[in-house]
Amino acid sequence: MSDTPADLLTVAISSRALFDLEESNTLFEAQGIDAYAEHQRSREDDVLEPGIAFPLVRKLLALNDGAPAESPRVEVILLSRNSSDTGLRVFNSIQHHGLSISRATFTSGAPTWPYIRPFGAQLFLSANPESVRGALEHGVAAATILPAKAPAHRHDQLRIAFDGDAVIFDDESERVSQEGGIEAFHRHERERAREPLPGGPFRGFLDALHHLQAAYPPGEESPIRTALVTARSAPAHERVIRTLREWGVRLDEALFLGGRAKGPFLDVFGADIFFDDSLHNIDSARQHVATGHVPHGVSNP
């Protein structure tokens with residue numbers, strides 16, 4: 001059982017999601033662990049460039065401004081498949097960039113996801129799809145961070161966007177859509193409009209994020225802004241709205257796009273990260289914002 005405070009938002013992240021380690025990873029895949037280790041040791045004083053999730057992490061940690069040092073609002077944990085020896089470069093880079101990350105696990109190539117729960121993390125971000133699947137299979141919200149266009153800095157707010165089915169909600173309705181088509185899906189949702197959707201893999205993270213967000217007044221003055229960006233449209237909107245109402249969760253924006261490409265809308269919202277189970281939607285989103293693929297549900301057998 002974790003001894004993490006119940007009101008602390010904890011995010012676990014891999015070193016490849018936090019920093020640009022693609023060159024090092026290519027070397028590892030081509031020449032093996034010994035060449036990789038020598039490469040990292042010889043460059044341990046060379047600062048790593050920020051990775052795709054770096055701006056997100058900086059904004060998460062900025063939520064601690066004004067909080068007592070002994071009672072932070074957010075903690076970011078590093079989970080790395082490096083050894084502690086080769087991971088020294090990662091920690092040196094964390095210190096150089098002024099990131100308040102002090103807890104880490106280095107597994108020397110072993111899976112990192114088993115350490116998520118002892119740290120009490122509600123979210124795991126990694127560049128390794130196998131690690132992400134392992135976390136999801138054990139009930140932890142997780143996403144594979146994919147190479148994407150780095151978003152322009154337009155907001156000091158932390159802005160997080162979510163797909164609905166198979167991310168916030170389970171994939172029940174998505175299965176109906178894929179098996180019976182759009183008409184069957186709309187009929188299914190109309191008939192169950194007042195029946196709350198079951199929670200999906202990101203329900204717990206959404207709850208934790210909402211709990212943190214609720215400490216601030218709603219609106220532009222809040223340091224956190226959230227959005228639901230879904231392919232649903234009327235009449236399938238009602239069940240979603242009633243479910244979030246039943247859960248007592250606040251989402252600042254809800255975009256019911258009816259199948260339109262999500263990328264341009266996420267660009268307007270200014271998402272620091274967007275989570276979706278569909279690689280088709282991810283391909284659109286990653287042209288505009290950082291994206292996390294959630295390999296869960298019927299779209300990811």
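I began with the aromatic residues and found that Phe162, Phe202, Phe205 and Phe275 form one aromatic cluster. The model is a predicted one, in which local features need pLDDT of at least 70 and side-chain atom pairs count only at pLDDT 80 or more, while totals for chains, interfaces and linings use all residues. Residues are numbered from 1 along each chain as its sequence is written, and side-chain values use heavy atoms, with hydrogens and water left out.

I then counted 9 aromatic pairs, taking rings of Phe, Tyr and Trp (its six-membered ring) as paired if their centres lie within 6.5 Å, with planes under 30 degrees apart as stacked, over 60 as edge-to-face and the rest as tilted. Phe162 and Phe205 have ring centres 6.1 Å apart and planes at 55 degrees, so I entered the pair as tilted. Because Phe162 lies in strand β6 (residues 158-162) and Phe205 in helix α10 (residues 203-213), this pair ties together parts that are 43 residues apart in sequence; helices (H or I, at least four residues) and strands (E, at least two) are DSSP runs, numbered from the N terminus. I noted both Phe162 and Phe205 as buried (under 20% relative accessible area, against over 50% for exposed and in between for partly exposed, with a 1.4 Å probe and protein chains only).

I turned last to helix α5 (residues 88-96), where Arg89, Val90, Ser93 and Ile94 are buried. Seen down the axis, the buried residues of α5 fall within an arc of 140 degrees, so they line one face of the helix, the arc being that of the directions from the helix axis to the C-beta atoms. On the face turned away from that side I found the exposed residues Gln95 and His96.
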